[in-house]
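Me: I have a model open and would like help reading it. Could we go through it step by step?

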Amino acid sequence: MRLRQQLALDAHSVFLNTDEFAELISIEDVPETPAVCDWAAQPGGEHLYGDTGDTWGVNAVHAEITLAEGVIPLPEPGQELTVNGRAWTVRSAVPQNGLLNLKLYRNVGR
């Protein structure tokens, strides 16, 4: 078995296992899918003031979600996604080794 094949198997059997790291979330029209979630993610030192496409401020919260690739269509930056009944804006969506890493934010002040 090649390394990439083993990574894909491990991603689903370990990383996305709800008995290990994952929790069940609803995303878009998918009611329960395992995902590893960081609901208090920091923007990673990105300084986006002056970027007219994003509003970062004291009312913005960030999350990072990793789920299996193919659960939802690959979203575009700026697109809104509904996660657990709340609207989030996609900052980035990166598919890698059978997983999809989403960096999201939302304004809790509205």
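Reply: Let us begin with a term: a nonpolar core is a set of buried Ala, Val, Leu, Ile, Met, Phe, Trp, Tyr and Cys residues joined through side-chain atoms within 4.5 Å. Please keep in mind that this is a predicted model.

Me: How many residues has the largest nonpolar core, and which have the most contacts inside it?

Reply: The largest nonpolar core has 16 residues. Those with the most contacts inside it are I25, I27, I65, L81, V83, L102 and L104.

Me: Which strands supply this core?

Reply: At least two residues of this core come from each of β1 (23-27), β2, β3, β4 (80-83), β5 and β6 (99-107).

Me: Let me pick L81. What does it touch?

Reply: Setting aside residues up to four places away in sequence, L81 touches I27, E28, I72, P75, R86, A87, W88, V90, L102 and L104.

Me: And what lies apart from the largest core?

Reply: Another core, of six residues, lies apart from the largest one. Among its residues are A11, L16, A22 and A68.

Me: Stepping back, how many helices and strands are there in the protein chain?

Reply: The protein chain has one helix and six strands. Along the sequence, their pattern is α-β-β-β-β-β-β.

Me: What share of the residues is buried?

Reply: Of the 110 residues in the protein chain, 32% are buried. The chain exposes about 7000 Å², and carbon and sulfur atoms supply 49% of that area.

Me: Now for the aromatic rings. How many aromatic pairs does the structure hold?

Reply: The structure holds two aromatic pairs. In one of them, the ring centres of F15 and F21 are 6.1 Å apart and the planes stand at 45°, so this pair is tilted.

Me: Why does that angle count as tilted?

Reply: Planes under 30 degrees apart count as stacked and those over 60 as edge-to-face, so the rest, in between, are tilted.

Me: Are F15 and F21 buried or exposed?

Reply: F15 is partly exposed, with a relative accessible area of 30%. F21 counts as exposed, at 53% relative accessibility.

Me: Which residues form the other pair?

Reply: W39 and W88 form a tilted aromatic pair, with 6.1 Å from centre to centre and 45° between the planes. W39 lies in the loop between β2 (30-38) and β3 (60-68), while W88 lies in strand β5 (residues 86-96), so the pair ties together parts that are 49 residues apart in sequence.

Me: How exposed or buried are these two?

Reply: W39 is partly exposed, with a relative accessible area of 34%, whereas W88 is buried, at 5%.

Me: What sits over the ring of W88?

Reply: The charged end of R106 sits over that ring, 5.0 Å from its centre.

Me: One more residue, please: T66. Where is its place, and is it buried or exposed?

Reply: T66 is in strand β3. T66 is buried, with a relative accessible area of 11%.

Me: What is T66 in contact with?

Reply: Leaving aside neighbours within four places in sequence, T66 is in contact with F15, L16, A35, V36, L99, L100 and N101. Its side chain makes a polar contact with the side chain of N101, at 3.0 Å. T66 and L16 are 50 residues apart in sequence, yet 8.5 Å apart in space, C-alpha to C-alpha.

Terms used:
Residues are numbered from 1 along each chain as its sequence is written. This is a predicted model: local features need pLDDT of at least 70, side-chain atom pairs count only at pLDDT 80 or more; totals for chains, interfaces and linings use all residues. Side-chain values use heavy atoms; hydrogens and water are left out. Rings of Phe, Tyr and Trp (its six-membered ring) pair if their centres lie within 6.5 Å; planes under 30 degrees apart count as stacked, over 60 as edge-to-face and the rest as tilted. Buried means under 20% relative accessible area, exposed over 50%, partly exposed in between (1.4 Å probe, protein chains only). Helices (H or I, at least four residues) and strands (E, at least two) are DSSP runs, numbered from the N terminus. A charge sits over a ring if NZ of Lys or CZ of Arg is within 6 Å of the ring centre and within 35 degrees of the ring normal. Contact means heavy atoms within 4.5 Å. A polar contact is a pair of N or O atoms within 3.5 Å; within protein, one must be able to donate a hydrogen and the other to accept it, and residues adjacent in sequence count only if both atoms are side-chain atoms. Accessible areas come from the Shrake-Rupley method with a 1.4 Å probe; for residues, only the protein chains shown count as cover.
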